[in-house]
Each structure stands twice: as structure tokens, then as C-alpha cells.
Amino acid sequence: MKATKVFVTALLAMALSVGSALAGDLAVNGSTTVLPIAQATAEKFMESHGDVTISVSGGGSGNGIKAIIDGTTDIANASRFIKDKEVEAAVAGGAYPVPFGIALDALLPVVHPSNEVTDLSIGQLRRIYTGEITNWKEVGGADQPIAVVGRDTSSGTYETWKEKILVKEEASPKAMVVASNGAMVQTVAQNRLAIGYIGIGYLNDSVKPLAVEGVAGSAETARSGVYPVSRYLYMFTRGWPTGDALNFINFVLSDAGQEIVAKTGYVPIR
Amino acid sequence: MKDRSALKADRLPKALIALVATSGLAVMLFILWFLLRESLPVLKATTLGALMGGSYWYPTADPARFGMFPLIAGSLGVTLLASVIALPLSLGLAVFLSEICPRRLRELFKPLLEILGFFPSVVLGFLGMIVLAPWLQERFSLLTGLNLLNASLLMGIMILPIVASLAEDALAAVPRDLRDASYAMGATRLETTERVVIPAALPGILQASLLGVMRAIGETMVVLMAAGGAAVVPRSIMDPVRPLTSTIAAEMGETPVGSDHYHALFFAGLLLLAMTLSINLCALWIEKRGRRWRA
């Protein structure tokens with residue numbers, strides 16, 4: 001009996017000491033789209049705040065918001081706004097998620113560099129993704145079939161693409177599906193028949209971005225609202241942030257933070 | 001007195017082992033219970049027939065459609081083609097290693113095979129994406145090289161060393177007496193291998209094959225990277241497919257917990273478990289039969 005008591009006390013003491021060690025730690029979880037921003041800003045933030053350790057992981061917007069609801073993370077990154085169902089679940093659990101718009105993301109349609117097509121309308125993009133247009137010559141390209149590549153329907157990137165391009169339609173089930181922005185660049189760069197879409201931060205020389213409705217996707221056109229395929233990126237906190245979480249969010253929204261946002265390839269909010 | 005303490009000392013490890021064994025079993029049962037609890041609520045949103053037979057997988061559309069038939073077809077298609085590619089080759093390799101190959105070469109090959117069995121599947125998937133896919137597309141002028149054939153080839157490469165190594169074990173375990181008896185009857189080496197050794201090792205060989213098939217059904221990374229991911233029933237081996245495993249891996253991270261989609265993904269996991277379990281039962285049955293044959 002006495003031995004048990006001693007054991008329990010020891011356990012408690014251990015738990016407490018671990019708890020206090022975690023006091024200066026900040027957990028950031030969620031969307032892989034926001035991950036590059038979160039990582040870069042966290043590194044910079046830790047340089048100036050030596051006592052704070054920020055651990056950043058990317059498990060998807062849904063997982064991040066779930067972690068906010070469960071209280072297992074301090075900040076959740078999301079490439080979409082919180083859903084009604086998630087708000088209900090959070091409020092039922094006594095959590096009040098607070099959103100911070102921290103950057104803009106513009107989605108770019110991308111093709112193989114050898115493709116002659118340079119510009120597509122939203123209607124053309126929609127008909128390509130629903131499978132009505134199947135040949136590049138129908139949109140001013142060479143006479144060859146189109147290999148349509150999309151993202152899995154639960155990704156935030158797909159949601160934006162659906163919202164801005166497909167609207168009420170669904171992508172054809174025949175469209176190939178890849179699991180990340182990186183895989184999309186990889187796939188399109190390898191296939192001269194392919195068309196895909198990526199967040200602006202993942203663009204590199206191996207693929208060619210297309211203009212939409214005559215507007216080339218860029219920081220300026222996204223922020224001014226001229227470029228039609230762009231969206232806000234968010235960080236959510238459980239209740240109004242305090243302490244390190246508040247400092248970190250303030251840093252992301254500061255000029256220095258937004259400079260990092262721009263460097264990572266996304267669009268600063270101002 | 002001394003006897004009793006010896007008995008006690010004997011009882012402690014026994015209890016410990018029993019504890020470890022039951023906790024393993026308890027974990028397995030817990031996983032099954034968890035899978036059932038998380039997957040069955042999907043039946044509130046759709047029927048079992050629509051779930052298993054429906055051909056449209058639009059889990060986030062409004063209204064959502066949870067037709068898993070293309071996903072099941074994708075899983076079975078990749079597994080079947082991978083087995084067709086890998087099993088004959090691995091059995092040939094096993095026979096070569098156990099019956100034909102000089103001992104010194106065998107001592108080199110066997111560990112090599114076992115090491116290959118642990119090849120990380122993500123590396124294979126990467127090779128499929130970067131090397132195999134462009135080649136397939138160019139060679140057969142396809143829409144894409146990320147398809148059923150690509151994934152099956154990679155999967156075949158993955159299960160080949162496992163099956164070959166296990167089947168070789170089965171062949172090597174055939175008693176020397178049997179071979180000697182066969183030679184004594186005047187049979188040649190080929191005849192002995194063909195009519196004595198292989199039949200005697202058949203239960204083990206079949207088990208090795210089933211283990212390979214099971215590994216293929218559950219494999220995720222290779223199909224996620226190389227199968228193309230289109231949720232359609234493949235019409236040819238050059239069509240992209242989307243197996244159950246890659247669907248779960250790609251979508252679980254982005255779906256709200258507790259939604260119908262979440263439960264549907266768990267149901268896909270339950271289906272995978274049912275598939276591997278039935279193969280496992282097959283293997284058990286074969287082992288039982290094999291014992292009766294030998295007896």
C-alpha cells in the first residue's frame with residue numbers, strides 16, 4: 001500500500017516536471033499547404049525567442065482543426081475555413097476556434113513545358129476536368145489527348161479548385177489523382193499530355209503555369225483579386241491566443257513574418 | 001521446501017508469457033472492435049449494396065457518394081496482376097536456389113534475397129514514378145504511365161523476394177530421406193524435384209504465395225505513388241486505378257473526424273482486413289491439410 005503511494009507520487013512528480021518543461025513549447029499542426037510558411041516563420045521566431053520551442057507538423061487541414069477541437073495542438077493551419085460541423089463539435093467540447101488569415105494562396109493550372117497552350121478560361125478548365133474536353137486541340141493546342149490530373153477530393157487544394165473552377169460539377173472519375181502538391185509537380189513534369197493544378201508556392205521550372213481568363217497568377221493579381229483562382233490561408237487557435245501562441249501569430253502577421261510568406265512563394269496579405 | 005520454490009520459480013515465467021500472449025491477443029481484438037465501431041456508422045448514411053456495388057467515389061460531394069466498387073476492383077486488380085507476375089518467378093527462383101544452384105552461390109543469394117525483402121516500398125514507388133512511368137508512356141504511347149501495370153510491376157518486385165525466400169525454406173525442409181528414396185528408385189534429379197520435392201513442399205509453397213498476396217493487398221505507398229489514383233474500374237492494364245489502401249492514406253488526413261466520409265474510410269479498412277483475414281484462413285486450412293498429407 002505504502003509502496004503504491006510512493007510510486008504514484010513519483011509518477012505525479014514526473015508528470016509535473018515534464019509539464020513544466022513543455023511550458024515553453026508550441027505545437028503547430030494542420031494543412032500541408034500552410035506547412036512551408038509555418039516552418040519558415042517558426043524557425044525565424046525561435047531565433048529571437050530562445051526559450052520557446054515550436055514543433056510544426058503537417059497532417060492536413062482536417063486533422064489540424066480536429067487537434068484544436070481536442071486541445072492537442074496550440075495552432076492549427078488550414079487551407080480552408082472551418083466547416084459548420086467542426087464549429088459545432090468544437091463548441092460542444094467547450095473550445096472556441098479563432099481564425100487568423102495569414103496569407104493568400106493562388107492555385108495555378110500547370111502543364112508540361114513543351115505544351116503550346118498558354119491561357120485557358122474557367123469554362124475551358126471546368127470542361128477539361130469534367131471530361132467534356134479530352135483533346136488539347138479543342139483549346140488551341142496540338143492534336144493529342146489530355147491527361148487530367150487532380151487532387152484527392154478531401155484536400156484543401158481540391159476544395160478551392162472545386163469552388164473556383166468546377167463550381168457545381170464534379171471532376172470526372174477518370175481524372176488521375178495525386179496526394180500532394182509535390183507529387184503534382186512531379187507527375188506533370190513527367191507527362192507532356194498532362195494538366196494539373198498547384199499552390200503558387202510549389203511552382204518551379206519543371207512545369208509551365210497557365211494564365212486563367214487572360215490573367216497570369218502572381219502575388220499582385222491574387223491580392224488585388226483580379227486572378228480568379230486564389231484563397232486565404234488560416235491559422236486557428238483554441239480561444240483567443242495568449243502567451244507564446246499570441247506572440248507567434250503576431251510575428252506571422254508582422255512585416256517580418258509576411259516577408260517570409262512571400263519568400264516561401266505564397267502571397268502576403270498586404 | 002526446495003521443491004516448492006522450484007515450482008514457484010517455474011510458475012512465474014509461465015504467468016509472464018501467458019500475460020504477454022493475452023495482451024497481444026487483447027490488442028488485436030481491440031483493433032478489430034475499434035475498426036467495427038468506427039466503420040459501421042457509415043451504414044446510416046448509405047446502404048451496404050451502394051457502398052460495395054456503387055461505382056462513384058465522391059466522398060466530399062453534396063450529396064456524397066460512397067461507391068467503393070472501383071476501389072475494390074483497383075485493390076484486387078493490382079494484387080492479381082502482381083501475383084501473376086511475381087509468383088511463377090519467385091517459385092522458379094526458389095526451386096533454382098534449393099535444388100539446382102551450387103551451394104556457394106546459394107549462400108550468397110539467399111541472404112541477398114532476404115535483404116531485398118526489406119526494400120523500402122517508398123523507394124520502389126519513387127522509381128515507378130520517375131523511371132518506369134515515363135518509359136511506359138513513351139513505349140506504349142499512353143495517356144499516362146502511372147497505371148495498373150506500373151503498380152503491379154513494382155508490387156511484383158516487392159513480393160518476389162519474400163515469396164521466393166519462404167518457398168525456398170519450404171523446399172529445403174523436405175527431408176533428405178525422401179530425395180534419397182527417389183534417387184534409389186532410379187529417378188533423375190529433375191524427376192525427383194518435380195514429383196517428390198515440390199509435392200512434399202506444396203503446403204509451404206502455397207503458404208508463401210498467400211503471404212505474398214496478403215502483403216500486396218495491404219501495400220499502400222507503391223500504389224499511392226504509381227497507380228495513378230483514378231477511381232474507375234480498369235478496362236485494361238494500362239488504366240490508372242485507385243486501390244482501397246491509397247484511398248485511405250490520401251484522404252484520412254483531410255477528412256473531418258466523425259463525418260460519413262471518415263466512417264467510410266474505416267469501412268474500407270475493414271474490407272482490407274476481411275480480405276487479408278480470409279487469405280490467412282486459407283493459409284491455415286492449407287497447413288492443416290498439409291499435416292494430414294504428410295501423416
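The following dialogue explains how to read chain contacts, helix packing and domains in this predicted model.

Reader: What should be known about the numbering and the model beforehand?

Author: Residues are numbered from 1 along each chain as its sequence is written, and chains are lettered from A, with ligands numbered from 1, in the order in which they are written. The model is predicted, local features need pLDDT of at least 70, side-chain atom pairs count only at pLDDT 80 or more, and totals for chains, interfaces and linings use all residues.

Reader: How many residues does each chain give to the contact between chain A and chain B?

Author: Two residues are in contact if their C-beta atoms, placed from the backbone, lie within 7 Å. Here chain B gives 30 residues and chain A gives 29 residues. On the side of chain B, H6(B) gives the most, with four residues; helices are DSSP runs (H or I, at least four residues), numbered from the N terminus.

Reader: At what angle do H4(B) and H11(B) pack?

Author: Two packed helices are described by the angle between their axes and the distance between the axes. Axes are lines fitted to C-alpha atoms, for helices over the stretch in contact, and angles run from 0 to 180 degrees between N-to-C directions. H4(B), residues 69–100, and H11(B) pack at about 120 degrees, with axes 7 Å apart. H4(B) is therefore oblique to H11(B); angles under 35 degrees count as roughly parallel, over 145 as roughly antiparallel, 65 to 115 as roughly perpendicular and the rest as oblique. B:Leu71 of H4(B) and B:Leu244 of H11(B) are among the residues making this contact.

Reader: Into which domains is chain A divided?

Author: Domain bounds come from an automatic or database domain assignment. Chain A has domain 1 (2–104 + 231–263) and domain 2 (105–224), whose C-alpha centres lie 32 Å apart.

Terms used:
Helix = DSSP H or I, 4+ residues; strand = E, 2+ residues; numbered from the N terminus.
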